[in-house]
Amino acid sequence: MSEKLKVGILGGTGMVGQRFISLLEDHPWFEVTTIAASPRSAGKTYEEAVGDRWKMATPMPEAVKKIVVMNVNEVDEVASQVDFVFSAVDMTKDEIKKIEEAYAKTETPVVSNNSAHRWTPDVPMVVPEINPEHFKVIEDQKKRLGTKRGFVAVKPNCSIQSYAPVLTAWMEFEPYEVVATTYQAISGAGKTFKDWPEMVENIIPYIGGEEEKSEKEPLRIWGEVKDGVIVPAKAPVITCQCIRVPVLNGHTAAVFVKFRKKPTKEQLIEKLVSFKGIPQELELPSAPRQFIQYLEDDNRPQVNLDVDYENGMGVSVGRIREDSVYDWKFVGLSHNTVRGAAGGAVLCAELLKAQGYIEKK
């Protein structure tokens, strides 16, 4: 047990914080030793602080129930207990930026699920199978922060996971124009149907800020590190609509793509099923063995059948077919709180450890 890295969860009482705690139960490399949250939760045991708000399908892990929650604002005290932290704090963007950098300056690496630092030029925003090379910008960030081991790294928005990996697998065919509509689960808003009865049998055609993230964040992932910052790619151009649907977990995307080099359906499928990255090569603990699966049945992927593919860390694709206006269209599905949130951050942390960025203090 002592060989494991000591992990703190910032914002541990919220839905994403709870997902981190569930995913890290029995993790081979990481152990949750510290949980920090708002001052109103501080001083209570984790079990008391969460109360009847535990939102995971699996029970609260026994190992965390009696951990006394710390005040997330007492940065030095929290940081002194851990080797690194996952951030899922619920604050304004400016507050999140400030507190995540404050933790980094205590020489504590921060792996964040939040959006606040996604456009900070020297903060890597990484899907480990797609752009692990962006982690090298950390060295420039450390110079700015004046740290030796402290830094902030983030994962992208949950909404793009159902189509950005697919487009990445097809990059050699030069996709240049994309239309995507995402049908997003209520857990993406940190809600269950008990919390949000208005969503039962309902659709809401607006999710604040989501469309801009869905259009712009893939371009940053496909960008390059240049002169110590990440320069976003210029193509493909993406336009997106994001719709909230009455589903608990799982974001589905209906996507249309134009290519400069015209692929066949067989080529598209082959590129998907063979697509892999460093997490698969290194066999990282949370890495899906096969990142993307293709389903031939016309009625797949379905949330009920496919959202937990590869323990929620894989992407399911179906209905690749020619389009009368665009070249090809498809439907993608990913788990928004596993691959799209906490699980994606855990995989980032595993790769950061494997590459020597995160070590014992």
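Helices here are DSSP runs of H or I with at least four residues, numbered from the N terminus. The model is predicted.

**Overall fold**

The chain holds 12 helices and 14 strands. Its radius of gyration is 20 Å, close to the 21 Å that the globule rule gives for 361 residues, so the chain is as compact as a globular protein of that length. The C-alpha trace spans about 60 × 50 × 35 Å along its principal axes. Of the 361 residues, 59% are buried. Contacts between residues at least 6 apart in sequence were also sorted by separation, and 76% of them join residues at least 24 apart. The exposed area is about 15,500 Å², with 48% of it supplied by carbon and sulfur atoms.

**The largest pocket**

The largest pocket has a volume of about 1,200 Å³. It is lined by 48 residues, and those closest to its centre are Val16, Ala88, Val89, Asp90 and Asn114. Four helices each supply at least two lining residues: helix 1 (15-23), helix 5 (93-104), helix 8 (210-221) and helix 12 (338-354). Helix 1 gives the largest share, 3 residues.

**The second largest pocket**

The second largest pocket has a volume of about 360 Å³. Its lining counts 18 residues, with Arg19, Met56, Ala57, Thr58 and His335 the closest to its centre. Helix 1 again provides the largest share of the lining, here 4 residues.

The table sets out the lining of each pocket by class.

| Pocket | Nonpolar | Polar | Charged |
|---|---|---|---|
| Largest pocket | 16 residues | 21 residues | 11 residues |
| Second largest pocket | 7 residues | 7 residues | 4 residues |

**Helix 1**

Helix 1 contributes to the lining of the largest pocket and to that of the second largest pocket. How much of this helix is covered? Of its 9 residues, 8 are buried. They are Met15, Val16, Gly17, Gln18, Arg19, Phe20, Ile21 and Ser22. Val16 is thus both buried and among the residues closest to the centre of the largest pocket. Arg19 is likewise buried, and it is among the residues closest to the centre of the second largest pocket.

What do the buried residues of helix 1 pack against? The partners are strand 1 (5-10), strand 2 (30-37), helix 2 (46-50), helix 3 (62-65), strand 4 (84-87) and helix 12. Helix 12 also supplies at least two residues of the lining of the largest pocket.

**Backbone details**

Two cis peptide bonds deserve a look. One joins Ala235 and Pro236, with omega about 0°. Pro236 sits in the loop between strand 9 (229-231) and strand 10 (237-244). The other runs from Arg300 to Pro301, with omega near 5°. Pro301 lies in the loop between strand 12 (292-295) and helix 11 (303-306).

Positive phi values also occur outside glycine. Asp26 has phi near 65°. Asp26 belongs to the loop between helix 1 and strand 2. Is this residue buried or exposed? Asp26 is exposed, because its relative accessible area is 69% and the cut-off for exposed is over 50%.

Glu107 has a positive phi of about 70° and is not a glycine. Its place is the loop between helix 5 and strand 5 (110-112). Glu107 counts as partly exposed, because its relative accessibility is 22% and buried means under 20%. Helix 5, which comes before that loop, is one of the helices that supply at least two residues of the lining of the largest pocket.

Conventions:
Residues are numbered from 1 along each chain as its sequence is written. This is a predicted model: local features need pLDDT of at least 70, side-chain atom pairs count only at pLDDT 80 or more; totals for chains, interfaces and linings use all residues. Side-chain values use heavy atoms; hydrogens and water are left out. On a 1 Å grid over the protein atoms alone, a cavity is a set of points where a 1.4 Å probe fits but cannot get out, and a pocket is an open set with protein on both sides within 12 Å along at least five of seven lines; lining residues have an atom within 4 Å of a point. Grid points are joined across faces, edges and corners, and a volume is the space filled by probe spheres set on the points. Ala, Val, Leu, Ile, Met, Phe, Trp, Tyr, Cys and Pro count as nonpolar, Asp, Glu, Lys and Arg as charged, and the others, Gly among them, as polar. The radius of gyration is taken over C-alpha atoms; the globule rule is 2.2 Å times the number of residues to the power 0.38. Buried means under 20% relative accessible area, exposed over 50%, partly exposed in between (1.4 Å probe, protein chains only). Contact means heavy atoms within 4.5 Å. Accessible areas come from the Shrake-Rupley method with a 1.4 Å probe; for residues, only the protein chains shown count as cover.
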